[in-house]
Amino acid sequence: MTTTATTPFSTLIRTASHEQHTEAETSTFMGDLLGGRLGVDAYARYTEQLWFVYRALEEGACALADDPVAGPFIQPELMRTASLERDLAHLRGADWQRGASPLPATAAYAARVSECARTWPAGYVAHHYTRYLGDLSGGQIIRDKAERTWGFARKGDGVRFYVFEGIANPAAFKRGYRVLLDALRADELERRRVVEECKRAFALNTAVFRELGELFRASA
Ligand code: HEM
């Protein structure tokens, strides 16, 4: 409709996923984790799940660097895999990778990201947006809580995933990112499909939280 045509795409995608954002934010697992009601093992298992997702995102990124649609979004300062690996070595020890396994919901999420990276660059952008803009926003709240709850050094090992060393001003970075979203090389129909993929990305995240919630229950 006309609103879709005139509303900046960055506003459209944010508004369209607002309800699901609240759902993810208020999931039992996230609530318990951020409420300090879970042990560090739950945080470690969650971090491990993120590693599978970011590996899919960032392996896909290499192949898309020159893509006219997704290419502008691929920026080295966003890359999180190396930080996650440092966090996991801290949380689980040097051989963390040997015991790492994706939950079924994580495997499904990572598979969808890889599929988009291979076959649908605009769909990949939906996943890119959902993760990185979230990490630059609410991720900072999670870092703060994690540092306090489990005693990690401020912005140190255990929470490096949340620290974007190469981004001095996250608010300015997010503004720039929204400019890129508004300029996405996609017609209206394709943009609607991207919004749908973003909702799917949120649902995939919520499914991971659900499975983590089944594994880890609050002790009090
Ligand atoms: C407890 C968990 C979470 C908290 C506390 C949180 C909090 C926030 C906050 C405060 C913002 C900034 C809103 C603004 O700038 O207007 C934000 C933005 C965002 N969050 Fe979350 N969030 C959480 C979980 C998630 C999850 C699980 C995802 C998806 C994987 C996500 C994706 C996003 C995205 C994509 C944005 C950017 C919206 C935009 O400006 O376009 N968040 N979040």
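Among contacts in the chain between residues at least 6 apart in sequence, 81% join residues at least 24 apart. This figure, like every other one here, comes from a predicted model. A good way to start reading the fold is through its secondary structure: the chain holds 12 helices and zero strands, and reading along the sequence gives the pattern α-α-α-α-α-α-α-α-α-α-α-α. The radius of gyration is 17 Å, close to the 17 Å that the globule rule gives for 220 residues, so the chain is as compact as a globular protein of that length. Along the principal axes, the C-alpha atoms fill a box of roughly 50 × 35 × 35 Å. Of the 220 residues, 35% count as buried.

The interior comes next. The largest nonpolar core has 51 residues, and those with the most contacts inside it are Leu50, Val53, Val113, Val125, Tyr129 and Cys198. Two or more residues of this core come from each of α2 (9-16), α4, α5 (40-64), α6 (81-92), α8 (104-119), α9, α11 (170-182) and α12. The most is given by α5, with 11 residues. Tyr129 shows how parts of the chain that are separated in sequence can meet: leaving aside neighbours within four places in sequence, Tyr129 is in contact with Ile13, Leu181 and Cys198.

Helix α9 deserves a closer look. This helix is mostly covered, with 13 of its 16 residues buried. How far should the 16 residues of α9 span at 1.5 Å a residue? The expected span is 22 Å, and the end C-alpha atoms of α9 are 22 Å apart, which agrees.

The same helix also takes part in the surroundings of the ligand. In total, 16 residues surround the ligand, the closest being Arg14, Ala24, Gly134, Ser137 and Gly138. Two or more residues of the shell come from each of α3 (18-25), α4 (28-34), α9 (121-136) and α12 (188-215). The largest share, five residues, comes from α9. Sorted by class, the shell has seven nonpolar, six polar and three charged residues.

Three single residues add detail to the picture. Lys174 lies in helix α11. Is Lys174 buried or partly exposed? With 16 other C-beta atoms within 10 Å, Lys174 is partly exposed, because a residue counts as buried only from 20 upwards. Not counting residues up to four places away in sequence, Lys174 touches Leu133 and Leu136. Lys174 and Leu133 are 41 residues apart in sequence, yet their C-alpha atoms are 6.9 Å apart in space.

Ser27 is found in the loop between α3 and α4. Ser27 has 19 C-beta neighbours inside 10 Å and therefore counts as partly exposed. Along the chain, Ser27 and Thr206 are 179 residues apart, but their C-alpha atoms are separated by 7.4 Å. Thr206 is also one of the residues that Ser27 touches, together with Phe209 and Gly213, when residues up to four places away in sequence are not counted.

The last residue, Lys155, lies in the loop between α10 (139-150) and α11. Most residues other than glycine have a negative phi. Lys155, however, has a positive phi of about 60° although it is not a glycine. Lys155 is partly exposed, with 13 other C-beta atoms within 10 Å.

Methods
Residues are numbered from 1 along each chain as its sequence is written. This is a predicted model: local features need pLDDT of at least 70, side-chain atom pairs count only at pLDDT 80 or more; totals for chains, interfaces and linings use all residues. A residue is near a molecule or strand if its C-beta atom, placed from the backbone, lies within 6 Å of it. Helices (H or I, at least four residues) and strands (E, at least two) are DSSP runs, numbered from the N terminus. Ala, Val, Leu, Ile, Met, Phe, Trp, Tyr, Cys and Pro count as nonpolar, Asp, Glu, Lys and Arg as charged, and the others, Gly among them, as polar. The expected span of a helix is 1.5 Å times one less than its number of residues. A residue is buried if 20 or more other C-beta atoms lie within 10 Å of its own, exposed if 12 or fewer, and partly exposed in between; C-beta atoms are placed from the backbone. A nonpolar core is a set of buried Ala, Val, Leu, Ile, Met, Phe, Trp, Tyr and Cys residues joined through C-beta atoms within 7 Å. Two residues are in contact if their C-beta atoms, placed from the backbone, lie within 7 Å. The radius of gyration is taken over C-alpha atoms; the globule rule is 2.2 Å times the number of residues to the power 0.38.
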